[in-house]
Amino acid sequence: MQITAAVARERFSPFGIERLDLCDPRPDELLVRIVASGMCQTDQHGRDGYYNTPLPAVFGHEGAGVVAAVGKAVTQFAPSDHVVISFPWCGTCSNCKRRMEAHCQNNFDLKMRGTRPDGSTLMSRDGAPVYSAFFQQSSFATYAIANERFAVKVRKDAPLELLGPFACSGQTGAGAVLNTMRPEPGDAFAVFGVGAVGLSGLMAARIARCDPIIAIDIHDRRLALARELGATHAINHTGCTDIVAAIRKITGHGTRFSLETSAQPAVLREAVEALMPAGTCVLLGSARAGTEVSLEMPFLQFGRTVRGVIQGESHPRELIPRLVDFLMQGTLPVDRMTTLYPLADINRAARDSNEGATIKPVLRMPH
């Protein structure tokens, strides 16, 4: 079938809106009419060659839409179901067998190679392949193919244009708090960087009744929003000469938990040094290969933990419906950080995101 999609043909170049051909779903796949897809820095990094995804390619990995058709072996979905398409995993590696799908040992290829596991592409133009299956979805398009295993059914009264980011940035930030940290009421929490991932973590910390909740960023506008969404304290990193001292002045012994989203080595060190004994720092920021940080070994000996987390260590069919419920209850108001753009304005959305003019761009598809 013919679809409309945003295509990247050259690194560091604008996306182009093109008509493409999309294959039919296989027996274990869904055809999803995409209503909206969040845009992540990962999509732009993919276009720019960070992951060696071949071009031309269609990116997008936060798709939400309506099931249009199902393969003959699909048992858990039917046409008209509302779905969010989450991250892929192989199901056969040692981590997947332990229900650690977010840490699938084959997830890089499944996410970044631009093909199904067997090397086939989903989209083409004039018979020439267009690399798709980015995160096994490529949702910057009016329709996408998704394997049944990676789709999550969601309630039909929830606004689909807001749900796509739960596939990645939402469950990454909120999952790091609810799944990995599992704070108790009254635990001190600090988040370094209040973009889409950081704010998702902050709102989850409020749901968990952390106190205090400290937001650190370089943008006053984002810090003001963080206060509105649950931060008890906000610190502008640019105007503070000693972030760790400022946090300890608020908390006394430091924070039980810190969340680092900037991927800056100096900031990660601050997030670690702000911990109380037996505290935990979770790294979510995506750094380039070769980025290193130094930490004081005696400081860590007091039970402090530093760990990386990916995709919020989520079981998507458990966490995403829970996040949707929080949205509908008003406790996870992701609309406050979302800006909607038509697909045709994808390059403006990318520019606004890079410049900090918007926190979470979401692309709405033409139909």
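## Walking through the salt bridges, a helix and some unusual backbone

Asp345 is partly exposed, with a relative accessible area of 27%. That makes a handy starting point for a tour of this predicted model. The side chain of Asp345 meets that of Arg348 in a salt bridge, with N and O 3.1 Å apart. Arg348 is also partly exposed, at 36% relative accessibility.

In general, side chains of opposite charge can pair when their charged atoms come close. Across this structure the count comes to 15 salt bridges. Another of them pairs Glu18 with Arg9, at 2.8 Å from N to O. Here the two partners sit in contrasting surroundings: Glu18 is buried, with a relative accessible area of 12%, whereas Arg9 is partly exposed at 41%.

Asp81 and Lys153 form a salt bridge too, and their closest N and O atoms are 3.6 Å apart. This pair links distant parts of the chain, as 72 residues separate the partners: Asp81 belongs to the loop between β4 (63–70) and β5 (82–85), while Lys153 is in strand β9 (residues 151–153). Asp81 counts as buried, with 12% relative accessibility, and Lys153 counts as partly exposed, with 42%.

Returning to Arg348 and Asp345, which bridge at 3.1 Å, we can ask about pairs that share partners. Salt bridges of that kind join Arg9, Glu18 and Arg125 into one network.

Let us turn to the cysteines. How many disulfides does a search of the whole structure find? The answer is zero. Two cysteines show why. The closest cysteine sulfur to that of Cys40 belongs to Cys168 and lies 4.3 Å away, which is too far for a bond. The sulfur of Cys104 has its closest cysteine sulfur in Cys90, at 3.6 Å, and this is again too far for a bond, because a disulfide calls for sulfur atoms within 2.5 Å. Cys40 is buried at 13% relative accessible area, and Cys104 is buried at 4%.

Helix α11 is worth a closer look. Its 14 residues, 316–329, should span 20 Å at 1.5 Å a residue, and the C-alpha atoms at its ends are 19 Å apart, which agrees. The buried residues of α11 are Pro316, Leu319, Ile320, Leu323, Val324, Phe326 and Leu327. Viewed down the helix axis, these buried residues fall within an arc of 155°, so they line one face of α11. The pattern makes sense on general grounds: an α-helix has 3.6 residues a turn, so residues three or four places apart point the same way. What covers the buried residues of α11 includes strands β5 and β9, together with helices α4 (160–163), α5 (169–181) and α6 (196–207).

The flanks of this helix are interesting as well. Just after α11, Gly330 takes a positive phi of about 90°. On the other side, Ser314 is found in the loop between β15 (305–308) and α11. Ser314 is buried, with a relative accessible area of 1%. Leaving aside residues up to four places away in sequence, Ser314 touches Phe87, Ala102, Gln171, Asn179 and Leu319. Leu319 is one of the buried residues of α11.

Another buried residue is Thr280, with a relative accessible area of 16%. Thr280 is part of strand β14, which covers residues 275–283. Apart from residues up to four places away in sequence, Thr280 touches Arg256, Phe257, Ser258, Leu275, Thr305 and Arg307.

Finally, some backbone geometry. Most residues other than glycine have a negative phi, and most peptide bonds are trans. Where does this model depart from that? The peptide bond from Leu55 to Pro56 is cis, with omega near 0°, and Pro56 is in the loop between α1 (41–47) and β4. A cis peptide bond also joins Asp211 and Pro212, with omega about 0°. Pro212 lies in the loop between α6 and β11 (213–217).

As for phi, Asn52 has a positive value near 60° although this residue is not a glycine. Asn52 is placed in the loop between α1 and β4. Phe135, also not a glycine, has a positive phi of about 55°, and its place is the loop between β7 (128–130) and β8 (143–147). Are these two residues buried or exposed? Asn52 is exposed, with a relative accessible area of 60%, whereas Phe135 counts as buried, at 4%.

Terms used. Residues are numbered from 1 along each chain as its sequence is written. This is a predicted model: local features need pLDDT of at least 70, side-chain atom pairs count only at pLDDT 80 or more; totals for chains, interfaces and linings use all residues. Side-chain values use heavy atoms; hydrogens and water are left out. Helices (H or I, at least four residues) and strands (E, at least two) are DSSP runs, numbered from the N terminus. Buried means under 20% relative accessible area, exposed over 50%, partly exposed in between (1.4 Å probe, protein chains only). Contact means heavy atoms within 4.5 Å. A salt bridge is a side-chain nitrogen of Lys or Arg within 4 Å of a carboxyl oxygen of Asp or Glu. The expected span of a helix is 1.5 Å times one less than its number of residues. The arc is that of the directions from the helix axis to the C-beta atoms.
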